[in-house]
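User: I'd like to learn how to read a structure like this one, feature by feature. Could you take me through it?

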Amino acid sequence: MIVQDDWRHGGFGLYVHWPFCAAKCPYCDFNSHVSASVDQTRWARALASEIARLAEELPGRHLDSIFFGGGTPSLMLPETVDHVLRAARAAWGFANHIEITLEANPTSVERARFRGFAEAGVNRVSMGIQALNDRDLRALGRTHDVAEARAAFEVARSVFQRVSFDLIYARQGQDRAAWQAELREALAMAADHLSLYQLTIEPGTVFGRRAQAGTLRGLPDEDLAADMYLDTQDICEKAGLPGYEISNHAAPGAESRHNLIYWRQGDWAAIGPGAHGRITLPGGRFATEAHLSPGAWLNAVETSGNGESLREAVPSCEQAAELLLMGLRLSEGISESRHARLSGASLSSDAVARLEALGMITRASDRLRVTEAGRPVLNAILRELVA
Amino acid sequence: MTELDLIRNFSIVAHIDHGKSTLADRLIQLTGTVAERDMKAQMLDSMDIERERGITIKANTVRINYPARDGKTYILNLIDTPGHVDFAYEVSRSMRAVEGSLLVVDASQGVEAQTLANVYQAIDANHEIVPVLNKIDLPAADPERVKENIEDVIGIDASDAIPISAKTGLGIPDVLEAIVTRLPAPKGDRDAPLKAMLVDSWYDAYLGVVVMIRVMDGVIRKGDQVKMMQTGATYRLDKLAVLTPAMKDIEELGPGEIGVFTASIKQVRDTRVGDTITHEKKPAAEALPGFKPAQPVVFCGLFPVDANDFEALRDAIEKLALNDASFSYEMETSAALGFGFRCGFLGLLHLEVIRDRLEREYDLDLITTAPSVVFKLHMRDGEVRDLHNPADMPDLTHVDHIEEPRIKATIMVPDEYLGDVLKLCQDRRGIQLDLTYAGSRAMVVYDLPLAEVVFDFYDRLKSVTKGYASFDYQISEYREDHLVKMSILVNDEPVDALAVMVHRDRAESRGRAMVEKLKELIPRHMFKIPIQAAIGSRVIARETLSAMRKDVTAKCYGGDATRKKKLLEKQKAGKKRMRQFGKVEIPQTAFIQALKMDN
Ligand SMILES: Nc1nc2c(ncn2[C@@H]2O[C@H](COP(=O)(O)OP(=O)(O)OP(=O)(O)O)[C@@H](O)[C@H]2O)c(=O)[nH]1
Ligand SMILES: C[S@@+](CC[C@H](N)C(=O)[O-])C[C@H]1O[C@@H](n2cnc3c(N)ncnc32)[C@H](O)[C@@H]1O
Ligand code: SF4
Ligand SMILES: [Mg+2]
């Protein structure tokens, strides 16, 4: 496959960023804002106009996936979602088995909109349940409790073909046994896909500031965090939801196709405030970035017909680096020949030999994979491999 | 040329930070030597490092015109000296060029260890001493008590010590007047053959080597053909000037005067401090006694973090050495660190200053290995060898015994901290020589191994006494002791740059402390790493750095690729400040940090 067609390894998707939330969670560093009123008609029009702009540059493609992420896209009105999806279908057309995902917060407000989303074409939801006990939900600053989350989940299961949910573990004061029990409860809810994230303390968030001030107590140390990670792999695997990515678990065939586009380094058009895209044009592969603040973005789209704040060529050596960064997160690993084509050179044989000897990576029939032992220290492996 | 009677030459000496440079500022200012708009605090401290650290490193000279109360205008040559013990050599040679000293004592602190050391030097140099009590503006100042303190501890008359505040300017006219009335005029014979003392020399980017002299006898003029009596080299004077503090050309300098000249001299090393300068044609019959050259006492290896920077390091060291004859260097190869230099310094502050300048002025990243002293190896065949680097320790079967340098250390401390100080000295293999009191301050004199002091003794002393102790030392002798080389093995491989010489009885505790420290300093790797201390093949301490268990980004989606790439680049840059030893990466700072004993 020539470099110009490299994106076909991953497919083509559309990411739509909805930057509004009902409240800001203390751990969250996503581009999300609390806003009293949002003129959804204007937003729907602006998003559709961005789709039209990109469609002109990327003719002849079919969408394998669309993802509404946030922020809290479940705060969008079903009509807004409908408007965006119509624009996308008109611009590119849908592949036969298109996956259309929407991130939803599990409160009663959103639950009431689920049917409308499904009617607009959404066929998968990813719900931010985060924890299965009320005390921890409050500590995480969530506005829902467990009962509400379970109710929303049940409605979602009856409305959408596919439902996934997110949990955050390695929380303050959480021990190994508590997490194991919580995870088993989660698996009993019989979703076919789970995203299980270790709590990350991000600079610039409330938790970040508290951690720096030394007032965020009870976080696990490296050893406990490692044990919790290994427990997670183990328990999910036994329950039939093996980890196909560092933090994502699915029954075979139920993987998130959208996220696979990122990890397999396909192309994705990205619209909405702060959205990052990667698109292959006749002149090569480009990274795009949209204006971060919702106001600036809306204004740019409405006045100049373009919400992008940055467009930058990604030379093929950097594509090779991105392939390692993203692709080695997957249990399927990466194709060595694909990497060599992009980078124009093979991986450092010293580093590869060292990592192989340590049991951190394996190589077989053109695939380089990170082993179970290697996954928890993937960053260290990448430091060795990425030139 | 000035009448001898109208000249006064003096140095300003004191314990570190007692206000020498600030007093020099006021003397310069009050006499209008420097225009008001050009004044700045501690204006003689012109090097970046001096300004940044607020200390004087190099002695500085200024010529001042002072119209005294007797109606005559005097020429005053002032030498501001450094207070820190590493630069004591600057003080001693400055004193040889002048007849008197202003002894500055902080009126809120009293006599400290370097006050004492400097007074003894001034007495040795036959100086008239004028005590000055500084900082009387401070609420804690107690001039009367400090006068008593000076008389008790030093034994000189302090009844007419001058109370001043160098900060506010209070009392400065009295200091100027005392310089004229209480310090002696220089002596000398204008008609005798030229005899001038080479006091200092430095490298100036525009002028080349500048030589500072004090004329004893005769007259020196621009264009003169002169001879250095020790080196035998001859030069023609291109320029003759006085320092005001800017260079001001002058026709001639006669007896008692201090000035500088240039003469197309290539390097500072070509000049010898203490040498006698005379006329080639009509030379002096005998030379001045000369000084003992400054001996480097602390040695360490300097290696580039990036091996490709070796040539750049060589270049930088050679340039710095042009201007600082007191530091020595020679090429060194280390199995672990590759090519670098073994450098000798006057003390740890001197080491830090040179290393800072190399890193900053020449943009180099350096690994500094454990500071060490020079051990004397008495070989079985009778040969005596200097050991500058523990890594070079020969096979023990050839060594009869080892000697190490000892110092006589004087420490002054408020008595509530005395116990801690004694314990510290005892821990460092010290032998108490003396213990006396002046009021509530104790003065202890210890015989200590220099090796135990060069590294972090001063830091420890400051911390156990909350900064209230002062410290001074002189090298006394070489003495035999049970010294052994301790090697450090990381992942079963010896790291020569971490080897140290230690006393046999302390090897185990030092070894344990070092391996524990290294365990904290070396980041976890993907595999476990044994860290051992050994004497010969006997392991005396061992720690295991367990393998890294978790380092992975939990969330990484479309928008995160860019962020992730940046993060990785940052981590890679961090890796650059590490050095690879076999499979292990050791941070550059670990070589020094591993030795710090903070128990
Ligand atoms: N309050 C007060 N502070 C003073 C006085 N004289 C000097 N200082 C302060 O004391 C500190 C040390 O002053 P310096 O003049 O640098 O002392 P030094 O003796 O030259 O120090 P070294 O050269 O490092 O030995 C500075 O912060 C000065 O501002 C004074 O009369 N009163
Ligand atoms: C883009 S967020 C938004 C989803 C939705 N707004 C919500 O909060 O449910 C997607 C997921 O990222 C995870 N997440 C966000 N910040 C995190 C952090 N600091 N550490 C770990 N996981 C985090 C949460 O599980 C969250 O559901
Ligand atoms: S975690 Fe979700 S709901 Fe909370 S602030 Fe972030 S995007 Fe909004
Ligand atoms: Mg000074």
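Analyst: Happily! Helices and strands here are DSSP runs, numbered from the N terminus, with at least four residues for a helix and at least two for a strand. Keep in mind that this is a predicted model. With that naming, A:V314 sits in the loop between β14 (308-313) and α12 (316-327) of chain A.

User: Is A:V314 buried, exposed or partly exposed, and why?

Analyst: Burial is read by counting neighbours: a residue is buried if 20 or more other C-beta atoms lie within 10 Å of its own, and exposed if 12 or fewer do. A:V314 has 19 other C-beta atoms within 10 Å, so A:V314 is partly exposed.

User: Which residues is A:V314 in contact with, beyond its neighbours within four places in sequence?

Analyst: They are A:R278, A:R285, A:F286, A:A287 and A:Q319. Take A:R278: it is 36 residues away from A:V314 in sequence, yet the two C-alpha atoms are 8.8 Å apart in space.

User: Let's zoom out. How many helices and strands does chain A have?

Analyst: Chain A has 15 helices and 17 strands. For the overall form, set the radius of gyration against the globule rule: chain A has 21 Å, close to the 21 Å the rule gives for 387 residues, so chain A is as compact as a globular protein of that length. Along the principal axes, its C-alpha atoms fill a box of roughly 60 × 55 × 40 Å. Of the 387 residues, 47% count as buried. Among contacts in chain A with a separation of 6 or more, 71% come from residues 24 or more positions apart.

User: How should I read a single helix, say α1 of chain A?

Analyst: Start with its span, then ask what its buried residues touch. Helix α1 (residues 40-57) of chain A has 18 residues and reaches 26 Å from first C-alpha to last, close to the 26 Å expected at 1.5 Å a residue. Its buried residues include A:W43, A:L47, A:E50 and A:L54. The buried residues of α1(A) pack against β1 (12-18), α2 (78-92), β11 and α11 (294-304) of chain A.

User: Which domains is chain A divided into?

Analyst: Chain A is divided into domain 1 (6-262) and domain 2 (317-386). Their C-alpha centres lie 27 Å apart. Their contact takes 10 residues from domain 1 of chain A and 10 residues from domain 2 of chain A. On the domain 1 side, α9 and β9 (243-245) of chain A each give two or more residues. By class, that side has 5 nonpolar, 3 polar and 2 charged residues.

User: How many residues of chain A are in contact with chain B?

Analyst: 34 residues of chain A are in contact with 22 residues of chain B. Elements giving two or more residues to the chain A side include β8 (193-198), α9 (222-238) and α10 (257-263). That side divides into 22 nonpolar, 6 polar and 6 charged residues.

User: And the ligands: how many residues surround ligand 1?

Analyst: For a ligand, look at its shell, then at the mix of residue classes. Ligand 1 is surrounded by 21 residues, and the closest are B:G19, B:S21, B:I55, B:T56 and B:G83. Helix α1 (residues 20-30) of chain B gives the most to this shell, with 3 residues. The shell holds 6 nonpolar, 10 polar and 5 charged residues. Around ligand 3, the residues include A:C21, A:K24, A:C25 and A:C28, and that shell has 4 nonpolar, 6 polar and 1 charged residues.

Conventions
Residues are numbered from 1 along each chain as its sequence is written. Chains are lettered from A and ligands numbered from 1 in the order in which they are written. This is a predicted model: local features need pLDDT of at least 70, side-chain atom pairs count only at pLDDT 80 or more; totals for chains, interfaces and linings use all residues. A residue is near a molecule or strand if its C-beta atom, placed from the backbone, lies within 6 Å of it. Ala, Val, Leu, Ile, Met, Phe, Trp, Tyr, Cys and Pro count as nonpolar, Asp, Glu, Lys and Arg as charged, and the others, Gly among them, as polar. Two residues are in contact if their C-beta atoms, placed from the backbone, lie within 7 Å. Domain bounds come from an automatic or database domain assignment. The radius of gyration is taken over C-alpha atoms; the globule rule is 2.2 Å times the number of residues to the power 0.38. The expected span of a helix is 1.5 Å times one less than its number of residues.
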